[in-house]
Amino acid sequence: MPSPVRQKPVYRFAPSPNGALHLGHALSAFLNHDMVRENSGHFLLRIEDIDQTRCTPELEQAIYDDLGWLGLEWEKPVRRQSEHFDEYRTALDRLVEADLAYPAFLSRGETKAIVRAFEAEGRLWPRDPDGAPLYPAIDRQRPQAERAELLASGRQHAWRLDMEKAVRTLHSKLFWRESGDGQTGEIEALPALWGDVVLSRSDAPSSYHLSVVVDDALQGITHVVRGMDLFNATAIHRLLQQLLDLPPPAYHHHRLILGADGRKLSKSEGSTGLAALRAEGKTPSDIRRLVGLL
């Protein structure tokens with residue numbers, strides 16, 4: 001999977017058109033754009049629109065309008081994930097053929113029921129760094145014949161990474177280079193903490209984790225600048241990069257803009273939406289001030 005050969009650093013801002021951009025997006029976009037200028041690099045825009053049920057052309061256009069109003073410029077053409085499903089499928093097929101991914105048939109409801117029954121007995125089900133329960137081992141442990149029968153029946157399924165097998169392929173510890181607002185330097189990646197992460201679902205041809213590493217490699221991204229909420233997930237990305245022979249970029253995880261409730265901003269919070277702030281008469285300089293860059 002060759003990536004473009006560039007002599008200068010390459011940064012990207014990669015929003016999803018499933019809601020309005022808010023101040024948290026503005027901070028990330030500004031930081032990427034500013035670092036490009038400081039390092040005479042390339043600034044790419046990627047539209048992460050794999051979720052075809054929530055992403056719309058109107059919301060995509062709103063992203064262009066908001067970023068243009070902020071005074072940001074990006075290189076053309078814009079990469080839209082919905083135009084590259086075949087590339088994600090190729091990466092998934094490679095993991096399946098290496099016996100590092102398996103079909104997962106449990107529904108969300110079935111998974112929740114298993115966890116509830118387990119914890120009803122006073123035991124704690126293992127959870128990932130974000131606090132979500134790890135996926136049960138039932139599908140990973142299914143006999144091949146049963147697996148094949150379920151696939152042949154047309155039963156809906158996802159594909160999940162067999163984390164135990166994947167980690168066993170590593171010959172040494174994994175690290176990533178970090179320069180963000182938390183820990184810095186060489187950070188050890190601990191992907192096993194995430195369990196058998198999703199690679200694709202029946203309603204989505206690729207997960208965020210799989211598509212982001214494929215996109216970054218194909219676009220020749222050298223520096224990933226994104227929110228601290230994705231710091232721990234970088235361990236998954238480093239593992240997938242290793243399994244797929246993809247070059248790792250450097251990472252910079254920045255502080256989050258928090259709402260009045262102390263949580264990171266949501267696209268449902270209209271008061272922090274860039275379009276709403278623009279309608280109130282705010283200027284791009286005001287937005288920089290609001291996100292702490294002035």
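Q: What makes strand β6 and strand β7 count as a pair?
A: Strand β6 (residues 174–178) and strand β7 (residues 185–189) are joined by five bridges and run in the antiparallel sense. Two strands pair if DSSP finds at least two bridges between them, so the five bridges of β6 and β7 satisfy the rule. A strand here is a DSSP run of E with at least two residues, a helix is a run of H or I with at least four, and both are numbered from the N terminus. One of the bridges sets Phe175 against Glu188 in β7. The two strands form a hairpin, with six residues between them.

Q: What kind of model is this, and how are its residues numbered?
A: The model is predicted: local features need pLDDT of at least 70 and side-chain atom pairs count only at pLDDT 80 or more, while totals for chains, interfaces and linings use all residues. Residues are numbered from 1 along each chain as its sequence is written, and side-chain values use heavy atoms, with hydrogens and water left out.

Q: How do you know that β5 and β8 pair?
A: Two bridges join strand β5 (residues 158–161) to β8. The rule asks for at least two, so the pair qualifies. The strands run antiparallel, and Arg160 stands opposite Val198 in β8.

Q: Which strands stand at the edges of the sheet that holds β5, and why?
A: This open sheet has three strands in the order β4-β5-β8, with antiparallel pairing. β4 (101–104) and β8 (198–200) are the edge strands, because each has a single partner and one side of each is left without a neighbour in the sheet. Neighbouring strands are turned by 40° against each other on average, direction ignored; the angle is taken between lines fitted to C-alpha atoms, on a scale from 0 to 180 degrees.

Q: What makes Asp215 and Arg46 a salt bridge?
A: Their side chains meet at 3.5 Å, N to O. A salt bridge is a side-chain nitrogen of Lys or Arg within 4 Å of a carboxyl oxygen of Asp or Glu, so this pair counts. Asp215 is in helix α7 (residues 208–218) and Arg46 in strand β2 (residues 42–47), 169 residues apart. Both residues are buried. By the rule, there are 24 salt bridges in the model.

Q: Why is Arg79 called buried, and what is Glu87 called?
A: Buried means under 20% relative accessible area, exposed means over 50%, and partly exposed lies in between (1.4 Å probe, protein chains only). Arg79 has 10%, so it is buried. Glu87 has 29%, so it is partly exposed. The side chains of these two residues form a salt bridge of 2.7 Å, N to O. Arg79 and Glu87 also belong to a network of salt bridges, whose members include Arg12, Arg46, Glu48, Asp215 and Asp216.

Q: Which parts of the chain does the salt bridge between Asp196 and Arg140 tie together?
A: The closest N and O atoms of Asp196 and Arg140 are 2.7 Å apart. Asp196 lies in the loop between β7 and β8, and Arg140 in the loop between α4 (108–119) and α5 (144–152), so the pair ties together parts 56 residues apart in sequence. Asp196, at 4% relative accessibility, counts as buried.

Q: How do you know that helix α8 is mostly covered?
A: Nine of the 10 residues of α8 (residues 234–243) are buried, among them Thr234, Leu239 and Leu243. Gln242 also lies in α8, but its 41% falls between the two limits, so it is partly exposed. The C-alpha atoms of Gln242 and Thr169 are separated by 9.4 Å, although the residues are 73 apart along the chain.

Q: Why does Val291 count as buried?
A: Its relative accessibility is 1%, so it falls under the limit for buried residues. Val291 is found in the segment after α10 (284–290). Its C-alpha atom is 9.8 Å from that of His25, 266 residues away along the chain.
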